[in-house]
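Reader: I have a structure to look at and some terms I do not follow. Can we go through how each term is earned?

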Amino acid sequence: GYIHEADRVIGFLLEKVEGRAANPGDWEICKAALQRLHDRGILHGDCNRYNFIVGPDEKVTLIDFADAKIDADTEMMEREMASLEEQLREETGRGGGFITVDSDADI
């Protein structure tokens with residue numbers, strides 16, 4: 001979230017989310033999390049498997065709302081939901097973030 005002062009952004013809040021990227025076996029819990037978002041009229045916009053963080057308690061946290069749309073139309077949300085299962089099976093690493101490299105490693 002952003003911190004505002006006098007109509008300007010002066011900072012933002014972060015929360016460390018523990019867990020792992022979703023996989024095809026998490027389809028039901030990811031579907032439920034995405035449906036809760038859609039029920040509020042919000043399109044996530046980037047439902048790759050790495051944007052669904054599954055915690056140790058099987059709680060799903062959605063991240064990366066850069067492409068989200070508020071008051072999205074029903075058709076867009078239906079297409080997003082229909083693509084979810086395929087997105088969870090996707091194995092190219094798209095959306096997977098950065099790789100940490102040891103500075104002493106030979107590359």
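Author: Start with pairing: two strands pair if DSSP finds at least two bridges between them. The model here is a predicted one.

Reader: How do you know that β1 and β2 pair?

Author: Strand β1 covers residues 2–5 and strand β2 covers residues 8–12, and 4 bridges join them in the antiparallel sense. At least two bridges are required, so the two strands count as paired. Within this pair, Glu5 stands opposite Arg8 in β2. The hairpin has 2 residues between its strands, and Ala6 has a positive phi near 50°.

Reader: Which elements does the protein have, and in what order?

Author: The protein has 2 helices and 7 strands. Read from the N terminus, the order is β-β-β-α-β-β-β-β-α.

Reader: Why is His44 called buried?

Author: Buried means under 20% relative accessible area. His44 has 0% relative accessibility, so the word applies. This residue sits in the loop between β4 and β5. For the protein as a whole, 28% of the 107 residues count as buried.

Reader: Which residues are in contact with His44, leaving aside its neighbours within four places in sequence?

Author: Contact means heavy atoms within 4.5 Å. With those neighbours left aside, the contacts of His44 include Leu34, Leu37, Asn51, Phe65 and Glu80. Ile63 is also among them.

Reader: What makes the approach of His44 to Ile63 a polar contact?

Author: A polar atom of the His44 side chain lies 2.8 Å from the backbone oxygen of Ile63. The cut-off for a pair of N or O atoms is 3.5 Å, so the distance of 2.8 Å falls within it.

Reader: What span does α2 have, and what is expected?

Author: Helix α2, residues 74–89, has 16 residues. From first C-alpha to last it reaches 24 Å, close to the 22 Å expected at 1.5 Å a residue. There is also a kink of about 40° in α2, centred on Ser83.

Reader: Which residues of α2 are buried, and what covers them?

Author: Met77, Glu80, Met81, Leu84, Gln87 and Leu88 are buried in α2. Their cover includes α1 (27–39), β4 (42–43) and β5 (52–54). Glu80 also appears among the contacts of His44.

Reader: Where does Asp73 reach at the start of α2?

Author: A side-chain oxygen of Asp73 comes to within 3.1 Å of the backbone nitrogen of Glu75. The cut-off is again 3.5 Å, so this pair too is a polar contact.

Conventions:
Residues are numbered from 1 along each chain as its sequence is written. This is a predicted model: local features need pLDDT of at least 70, side-chain atom pairs count only at pLDDT 80 or more; totals for chains, interfaces and linings use all residues. Side-chain values use heavy atoms; hydrogens and water are left out. Helices (H or I, at least four residues) and strands (E, at least two) are DSSP runs, numbered from the N terminus. The expected span of a helix is 1.5 Å times one less than its number of residues. The bend at a residue is the angle between axes fitted to the seven residues ending there and the seven starting there. Buried means under 20% relative accessible area, exposed over 50%, partly exposed in between (1.4 Å probe, protein chains only). A polar contact is a pair of N or O atoms within 3.5 Å; within protein, one must be able to donate a hydrogen and the other to accept it, and residues adjacent in sequence count only if both atoms are side-chain atoms.
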